[in-house]
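Colleague: I would be grateful for a close look at one part of this model. Please take one charged residue as the starting point and follow its surroundings outward.

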Amino acid sequence: MSAINRLLSLARRPDGRLQASDFRFLEQRVPDLAAGEVLVRNTWLSIDPSIRIRLQARTPSGYMPPFEIGEPLVGLALGVVQESRHEDFAPGQTVSHMYGYRDYAVVRPGGSTIGGYGALAKVTENGFPLQWQLGPLGSSGLTAYAGLLAVANLQPSDTVWISAAAGAVGSIAAQLAKLRGAIVSGSAGSPAKVDYLRTTLGLDGAFDYHDGPVGDLLAAAAPEGIDLYFDSVGSDHLIAAIDQMRPGGRIAMCGALAEYDNHPATPMPSNLFQLVSKEITIKGFRAGSYSHLMQAMQDEVGTYLRDDSMEYSELVLHSLDKAPTALVAMVRGDNIGKTLCALEN
């Protein structure tokens, strides 16, 4: 294929807060396919917080390596097969894969993944908007579902706190916990988001973490303590959760947003002995380790979405040119729900 492909790459390491100028576009000719490869024209890009970690010079032990300067970014995406030299894929099929942030992707089935998620796969139409396969019926939904049920063993009698509860994962986790009978409080970073948690999602309690010490705000929202904390933030949120946790409580940790784009470094817990004294369980997890739960998640979340008992919001920016803007907006928390880029080709 002779088309020119644009790819978003890292232009420089972020110095402090992420900026759109930290990225630049490369142009490359789309290569001819080798045996076993599939050419995909991307149509939707998932803009996810975890990519911020890989923009640093070093990444945490056990995580994916940092992007090199000039290296094209990768991220979850949907697209349409244009050409195929693999017997399982044909032109015109809609697929999901991990080579977003570019117009075209050359993908080899069974190749690299993002933490076990994002292998090339066919997408079946299910009556929902296609991009929801990147949100409530995709990685966001799986993260929420696996964290609550497989990792933290959610019970109807639980009192639950969800941090970043207006985000792509947190909003699903908060509603899922509520629909399964728990008492749920959520926190977010603006009055508009708190109003969203209260009025749109119908949570039992909600607060803006900017309004005072997080521990005091959580104690006011859940004065009798919490049994389960779904953590996307870390830092002072994790400290507050441990302080407010009842004996035998559980913490499911899928991220540490407070550490991704903040300088100086955020505070770390100094109250960890409570994990011993209260017999608290804390477990970090990645959605890719729970891919076997995808169908169960889609069945349950899909039912809630279909009967309007679950709300879903998304921020959509149009064209690949807006991907840097979308990344900055997502990292700074300008979004409610999922952040996406719709590509117009």
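What is the relative accessibility of R6, and does the residue count as buried or partly exposed?

Modeller: Please bear in mind that this is a predicted model. R6 has a relative accessibility of 22% and therefore counts as partly exposed, since the buried class is reserved for values under 20%.

The partner of R6 comes next. Side chains of opposite charge can pair when their charged atoms come close. The side chain of R6 forms a salt bridge with that of D321, with a distance of 2.5 Å from N to O. This pair joins distant parts of the chain: R6 belongs to strand β1 (residues 4-10), while D321 sits in the loop between β14 (314-318) and α9 (323-331), 315 residues apart. D321 has 45% relative accessibility, so it too counts as partly exposed. D103 also takes part, as R6, D103 and D321 are linked in a network of salt bridges.

The loop that holds D321 lies between β14 and α9, which leads to the helix itself. Seven of the nine residues of α9 are buried, so this helix is largely enclosed by the rest of the structure. The buried residues are A323, P324, A326, L327, V328, A329 and M330. The elements that cover them include β1, the strand in which R6 lies. Also included in that cover are β2 (23-29), β3, β14 and β15. Just after α9, G333 adopts a positive phi of about 80°.

Two of the covering strands, β3 and β15, lead to another charged pair. K338 and D48 meet through their side chains in a salt bridge of 2.7 Å, N to O. K338 is in strand β15 (residues 338-342) and D48 is in the loop between β3 (38-47) and β4 (77-84), so this pair ties together parts that are 290 residues apart in sequence. K338 is buried, because its relative accessible area is 1%. D48, at 18% relative accessibility, also counts as buried, because that value is under 20%.

In total, the structure holds ten salt bridges. A further one joins the side chains of D158 and R250, at 2.6 Å from N to O. Here D158 occupies the loop between α1 and β8 (159-162), R250 lies in strand β12 (residues 245-253), and the two are 92 residues apart. D158 counts as buried because its relative accessibility is 4%, and R250 is buried with a relative accessible area of 16%.

The helix α1, which precedes the loop of D158, also packs against another helix. The axes of α1 (residues 139-151) and α8 (residues 294-306) come within 9 Å and cross at roughly 100°, and the two helices are therefore roughly perpendicular to each other. In this contact, G141, L142 and Y145 of α1 meet M294, A296, M297 and E300 of α8. By class, the contact comprises five nonpolar, one polar and one charged residues.

One buried polar side chain completes the picture. H97 lies in strand β5 (residues 94-97) and counts as buried, because its relative accessibility is 1%. The side chain of H97 makes a polar contact of 2.7 Å with that of N42, and a polar atom of the H97 side chain lies 2.8 Å from the backbone nitrogen of Y99. Beyond four places in sequence, the residues that H97 touches include V40, G75, L76 and A119.

How values were computed
Residues are numbered from 1 along each chain as its sequence is written. This is a predicted model: local features need pLDDT of at least 70, side-chain atom pairs count only at pLDDT 80 or more; totals for chains, interfaces and linings use all residues. Side-chain values use heavy atoms; hydrogens and water are left out. Helices (H or I, at least four residues) and strands (E, at least two) are DSSP runs, numbered from the N terminus. Buried means under 20% relative accessible area, exposed over 50%, partly exposed in between (1.4 Å probe, protein chains only). A polar contact is a pair of N or O atoms within 3.5 Å; within protein, one must be able to donate a hydrogen and the other to accept it, and residues adjacent in sequence count only if both atoms are side-chain atoms. Contact means heavy atoms within 4.5 Å. Axes are lines fitted to C-alpha atoms, for helices over the stretch in contact, and angles run from 0 to 180 degrees between N-to-C directions. Angles under 35 degrees count as roughly parallel, over 145 as roughly antiparallel, 65 to 115 as roughly perpendicular and the rest as oblique. Ala, Val, Leu, Ile, Met, Phe, Trp, Tyr, Cys and Pro count as nonpolar, Asp, Glu, Lys and Arg as charged, and the others, Gly among them, as polar. A salt bridge is a side-chain nitrogen of Lys or Arg within 4 Å of a carboxyl oxygen of Asp or Glu.
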